[in-house]
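Biologist: Hello! Could you take a close look at one loop for me, and then follow the trail into its surroundings? Please begin with how you name the pieces.

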Amino acid sequence: MTGQPAAPGHEDQRGAAAPRPGTAPGRPLLPGRPGRPDVFTFGETMVALRGSGPLKLGGTMNVSIAGAESNVAIGLARLGHDVRWAGAVGEDEAGQLVLRTLRAEGVGVSGASTDPGAPTGLLLFEARLPEVTRVHYYRAGSAGSRIGAEVVERAFSAAPPRVLHLTGITPSLSPTAGAAARRALQLAREASSLVCLDVNFRARLWTAEAAAEVLREWIPFVDVLIASDDELPLCLLGDGGGEGSPGGAEGNQGAEGSQGVEGNLEAEGAHGALRGEEGDGAGMGAEGADGGLALCGSEQGEAAGAGAGACGDAVPLPPQEAAGAPAATVATQAGLLLDQGVGEVVVKLGTQGATVFTQGGSLHRPAKPVRAVDAVGAGDAFVAGYLSALLDGEGTAGRLERAVTTGAFAVASPGDWEGAPTRSELGMLGAPPGTVVR
């Protein structure tokens with residue numbers, strides 16, 4: 001975390017003073033500073049049209065909205081958190097649908113704006129096979145792609161968030177969107193806001209090379225990095241290509257995003273106070289005087305200790321159990337990112353669950369078994385659950401447990417965000433088949 005007050009005698013690997021970890025996992029919701037939202041996020045949200053089959057055959061379509069950042073915002077709001085979203089929509093009916101939906105879900109949209117000179121973006125989902133969905137973007141020149149740095153400056157000026165959540169989608173949209181994200185990172189450091197980055201690589205928006213150029217400059221600012229195993233190379237210094245890294249074969253419609261980073265970000269000490277004492281399994285640290293969050297550096301022993309109640313079957317990940325890229329490769333890449341200053345690397349492994357890496361070790365949580373209906377939006381639901389538990393003061397096991405639970409709700413429901421659970425619904429996945437809740 002950036003700028004957190006330090007306890008004497010605790011140093012992280014770069015020499016920056018680190019806070020002493022706080023109370024055990026599972027404690028009550030961390031008190032927030034009055035007027036300071038839990039999470040601020042921004043990006044493009046579009047109107048989403050979902051067909052039941054190939055688009056060329058026509059038929060009916062369901063109308064909704066979709067956007068990675070707003071999906072996370074809705075997931076957090078349903079779990080009871082104060083979350084704000086900013087973005088631009090067109091001065092059109094589609095834009096009104098976006099804002100109306102977010103307001104109805106309890107997401108603050110006071111920082112959003114309408115752009116009379118550009119339309120709201122459009123997203124088409126085409127269910128081509130039972131487990132294969134094609135996505136078609138119509139967002140070039142959209143209002144959302146023209147978001148500027150003034151949007152985040154207004155948001156931080158009004159109420160600096162406890163957590164800033166970014167995705168790798170926003171900088172792919174345009175140079176101005178990339179500049180807005182870069183400015184948000186700088187403001188987060190000044191405001192001692194914890195920074196969460198979900199890589200969310202989209203090959204139809206920019207190339208792997210363009211994404212890597214931006215993401216690698218962001219890494220020194222990142223406290224919690226969330227990525228799939230094949231996205232990790234994009235964040236590493238040096239050559240991010242080669243086997244196992246996302247390719248750009250799907251096109252380069254948004255390659256101008258490579259211009260999203262102009263000049264260097266001054267990130268020294270950006271979040272040197274994130275780590276706790278190595279080997280301490282105490283969990284989330286208490287809020288400091290600035291209202292920020294502190295994460296412990298190692299909660300490896302949680303599964304057998306205080307965190308076991310929340311996630312009893314979470315276990316340290318044996319090297320042979322990782323999916324996708326070889327386990328040793330994933331662990332090595334995560335270790336390199338930790339050495340670059342990331343506080344926590346969360347690797348999504350799809351049906352295999354997820355693994356968290358810290359300087360103290362790793363912890364794996366298998367996915368929840370559910371009947372899959374629609375995998376779209378599962379990653380955003382996972383992020384919402386993870387951040388929710390982090391804000392609640394849960395340790396690594398508790399954060400993984402809630403993340404795989406919210407991800408399972410998304411997979412078991414159609415739509416990007418419609419299946420996101422409320423806090424009271426989190427325990428429903430453990431109910432036996434045929435249960436009727438009265």
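Modeller: Gladly! Helices here are DSSP runs of H or I with at least four residues, strands are runs of E with at least two, and both are numbered from the N terminus. With those names, Asn200 sits in the loop that links strand 10 to helix 6 (208-218). Please keep in mind that this is a predicted model.

Asn200 is not a glycine, yet its phi is positive, at about 45 degrees. That deserves a second look, because most residues other than glycine have a negative phi. Asn200 has a relative accessible area of 7%, so it falls under the 20% cut-off and is buried.

Now step to the other side of strand 10 (194-198), into the loop that joins it to helix 5 (175-190): this is the place of Ser192. Ser192 also has a positive phi without being a glycine, near 60 degrees. Since its relative accessibility is 8%, Ser192 counts as buried too.

From here the trail leads inward. Leu164 touches Ser193, Leu194, Val195 and Cys196, and its other partners include Phe40, Phe156, Ala184, Leu185 and Ala188. Cys196 has 0% relative accessibility and therefore counts as buried. Cys235 has 0% as well, so it is also buried. A search of the whole structure finds 0 disulfides.

Leu164 is among the residues with the most contacts inside the largest nonpolar core, which has 59 residues; Phe42, Leu225, Leu337 and Val345 are the others. There is also a second, separate core of 37 residues, with Leu102, Leu363, Ala397 and Leu400 among its members.

Leu337 brings us to helix 7, where the buried residues are Ala327, Val330, Gln333, Ala334, Leu337 and Leu338. They cover an arc of only 145 degrees around the axis, so they lie on the same side of helix 7. What do these buried residues of helix 7 pack against? Their partners are strand 11 (224-228), strand 12 (344-348) and strand 13 (354-358). The geometry of helix 7 checks out: its 13 residues (327-339) should span 18 Å at 1.5 Å a residue, and the end C-alpha atoms are 18 Å apart, which agrees. After helix 7 comes Gly341, with a positive phi near 115 degrees.

Helix 8 (residues 378-391) makes a nice companion: 13 of its 14 residues are buried. From first to last C-alpha it reaches 20 Å, close to the 20 Å expected at 1.5 Å a residue. Gly393, just after helix 8, has a positive phi of about 90 degrees.

Finally, a word on confidence. The mean pLDDT of the protein is 77, with 72% of residues at 70 or more. Among the elements, mean pLDDT is highest in strand 9 (residues 163-167), at 98, and lowest in strand 8 (residues 132-138), at 87. Over residues 266-292 the pLDDT is below 50, although this stretch has 126 contacts in the model beyond near neighbours in sequence. Residues 296-324 also stay under 50, with 64 contacts beyond four places in sequence. Where pLDDT is low, the predicted coordinates should not be read in detail.

Notes. Residues are numbered from 1 along each chain as its sequence is written. This is a predicted model: local features need pLDDT of at least 70, side-chain atom pairs count only at pLDDT 80 or more; totals for chains, interfaces and linings use all residues. Side-chain values use heavy atoms; hydrogens and water are left out. The expected span of a helix is 1.5 Å times one less than its number of residues. Buried means under 20% relative accessible area, exposed over 50%, partly exposed in between (1.4 Å probe, protein chains only). The arc is that of the directions from the helix axis to the C-beta atoms. Contact means heavy atoms within 4.5 Å. pLDDT is the predictor's confidence in each residue, from 0 to 100. A disulfide is a pair of cysteine sulfur atoms within 2.5 Å. A nonpolar core is a set of buried Ala, Val, Leu, Ile, Met, Phe, Trp, Tyr and Cys residues joined through side-chain atoms within 4.5 Å.
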